[in-house]
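The following note sets out points for a colleague to check against the sequence and the structure. Please read each point with the relevant chain in view.

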Amino acid sequence: MEAFTRLTGLAALLNRNNIDTDQIIAKQFLKKTEKTGYGQYLFFDWRYLADGSENPEFELNQKTFRGSSILVTGDNFGCGSSREHAPWALADYGFRAIIATSYADIFFNNCFKNGILPVLLQAEQRDQLAAEITKNPGVNLTVDLEKQEVTSPGGLKFSFEIDNFRKQKLLKGLDDIDFSLTLMDKIKAFENKQAKELPWLWKTT
Amino acid sequence: MKKTMYQKIWDAHLVFEQEGLTPLLYVDRHLMHEVTSPQAFEGLRQRGAKIHRPEAILATMDHCIPTIHRDQPIADPIAAKQVQTLEDNCEVNGLLLFNMHSPSNGIIHVVAPENGFTHPGMVVVCGDSHTATHGAFGALAFGIGTSEVEHVLTTQTLPQKKSKTLRIEVKGKLGAGVTSKDVTMAIIGKIGTAGGTGFVIEYTGQVIREMSMEGRMTLCNMAIEAGAKAGMVAPDEKTFAYLHSKKQAPSKEHWEKAVAYWKTLPSDEGAVFDQTVEIDATQIKPQVTWGTSPEQVISIDQKVPGEADFSDPGKKLAVKNALEYMGLKAGQSLTEVALDWVFIGSCTNSRIEDMRAAAQVAKGKKVNPKVRAIVVPGSYPVKVQAEAEGLDKIFVAAGFEWREPGCSMCLAMNGDELKPGERCASTSNRNFEGRQGKGGRTHLVSPEMAAAAALAGHFVDIRTWN
Ligand code: SF4
């Protein structure tokens, strides 16, 4: 997994609440058996018109937002289905950080597995960032994971909370599975004990 | 110390905990379908790892499979490949799979309980958000992403943060025509789609105690729509009776011991929850969503709200967008709006009781000629049972299509889908934009309300409609 330390990048504003994973990556693109190549389908129904051409109204199609790597958005981002295709699509499109006021649980977890940093800010902080982007589209924000800080050229500076273990793994690009595998002795000990105490859990066909 | 059920299950599954690290939780059962698993198997192969506990896995095909002409090959080559990939992965790894031709096939959240695969006190996961369904048994059941699927395949564990607990007490008695679907939708209407974020919900109260196991599955199924990690109901005699004699329930020799253990699971009297919400069941009426989020829901006798009914600017905008997308106006009554489709199915409402409830409404009547109505049982066992009871004949005589089991139009991956602008009464769980087809307009309702809407051609109040 790619590590995340400090990112200065173009910020796009998608000022809507409750953007769900069906919207982020529509179901017709979930049939692939690979992890890559989903960026072209990101926000498909918003991004393209019925004839397949780009929807000029859609935020991410604005010239000023092309090539953005930071997505500033509303409340409850990533709600709905558990599809990890959502962060795969966001990452493949080029987003490495998201800034929102809240996230759905599963989506939030999925981000960390894919080198995306979901930053949690207060509503008024997010609104200030949104206002700066609106006033000055094409602005670059900086997301610093080490310092746990978001800064803007307009002088905004907000710190954010993040679970320390998650932070350390993201900073080093470390994988959860490798870490858990180091605990295999403990897992096996747990299993032996459970098989003795709750034996019916261990009889399946 | 007095413990909640969540705390008890958590404690019983804690493999490892250390200051500064995410606790590691053991997983008892791992459910699987074709859409969210291929990349996890791929990861496993790349890592050169083996599946840690193959017998803890149950796989099915449900999302991409056709609900008609099941004997023919899947027309969509990408879907066909995905289905074949699951078949291959299960074969290579020796996993139990109900493929699309198996008599046990169906939607994962229907077939696992049907087989007695999920028990009280278990930790159950699946790469699917509606895993919350299995909480109906008093299990901690939640959806995970594909990387987490790989994690469970490799280690049979998951790093998990502790959730907060939310007790939702549904007091009193439900009125006639009001179902567990209406209860779960009314709860979401009250607390919102982010109301449960960070929480595991335990549903309690008289209504829940009186609810059937299938009703509890419907209830817990939509805990995720309230944003919760999981929903759960304490196991009781109904739970034990449901599990008894199921194929993968505890065997005879262990049964007594298992039941004794299950009886220790309910939250202790006086256990403290982080938050409590009380709902008066007598106030719940049949629910219908009018917008594009499950929280945009009203009782059938209420009018569609408008921007003016909300003060929060974010909500105002959401209402405006939703009304536009749904082709509705503020102040409208949903009983006036003509429907194009009715879909009775999905892991929320496709079990035998749902089939019976819808058939009861449809019996001896005719589907409105302007409406296309399909009934998709949740599994082959449900289908066989319904046919044994003659329900299929009732549906077909009334003009409903009687399909093969699968997710079907719940998420429209298999070709069963709405066209832009088409309006559907659906017993599924998500009314998101485009969920049932690009530009499609979904209204979530109970099976009774859906069946009645099919006959009338528009929504009706099932309590007063004959
Ligand atoms: S029926 Fe719908 S919600 Fe349930 S598993 Fe299938 S797609 Fe998901």
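1. The model is predicted. A useful place to begin is helix H3 of chain A, which spans residues 85-93. Its buried residues are A:His85, A:Ala86, A:Pro87, A:Trp88, A:Ala89 and A:Leu90.

2. Which elements cover the buried residues of H3(A)? From chain A, the cover includes helix H1 (21-24), strand S2 (70-73), strand S3 (97-100) and helix H4 (105-112). Chain B contributes as well, and the cover includes its helix H2 (38-47) and helix H5 (146-155). Just after H3(A), A:Gly94 adopts a positive phi of about 125°.

3. Chain A is assigned domain 1 (6-174) and domain 2 (175-204). The C-alpha centres of these domains of chain A are 36 Å apart.

4. Chain B is assigned domain 1 (5-159), domain 2 (164-283) and domain 3 (287-464). The contact between domain 1 and domain 2 of chain B takes 27 residues from domain 1 and 33 residues from domain 2. Taken over C-alpha atoms, the centres of domain 1 and domain 2 of chain B are separated by 22 Å.

5. Where does the ligand sit? The ligand occupies the largest cavity. The residues around the ligand are B:His63, B:Ile107, B:His109, B:Asp128, B:His130, B:Ser346, B:Cys347, B:Cys407, B:Cys410, B:Leu411, B:Asn429 and B:Arg435. By class, this shell has 5 nonpolar, 5 polar and 2 charged residues. Domain 1 (5-159) and domain 3 (287-464) of chain B each supply at least three residues to the shell.

6. Two residues of chain B deserve a check of their backbone angles. B:Gln156 is not a glycine, yet has a positive phi of about 60°. B:Gln156 is placed in the loop between H5 and strand S8 (157-159) of chain B. Is B:Gln156 buried or exposed? B:Gln156 has 1% relative accessibility, and because buried means under 20%, this residue counts as buried.

7. The second such residue is B:Ser245, with a positive phi of about 70° although it is not a glycine. B:Ser245 belongs to the loop between helix H9 (237-243) and helix H10 (252-262) of chain B. The relative accessibility of B:Ser245 is 69%, and because exposed means over 50%, this residue counts as exposed. Thus B:Gln156 is buried, whereas B:Ser245 is exposed.

Terms used. Residues numbered from 1 in each chain as written. Chains lettered and ligands numbered in written order. Predicted model: local features only at pLDDT ≥ 70, side-chain atom pairs only at ≥ 80, totals over all residues. Heavy atoms only, no water. Near = heavy atom within 4 Å. 1 Å grid on protein atoms, 1.4 Å probe; cavity = no way out; pocket = protein on both sides within 12 Å on 5 of 7 lines; lining within 4 Å. Sits in = over half its atoms within 2 Å of the grid points. Nonpolar A, V, L, I, M, F, W, Y, C, P; charged D, E, K, R; others polar. Domains from an automatic or database assignment. Buried < 20%, exposed > 50% of the residue type's maximum accessible area, 1.4 Å probe, protein only. Helix = DSSP H or I, 4+ residues; strand = E, 2+ residues; numbered from the N terminus. Contact = heavy atoms within 4.5 Å.
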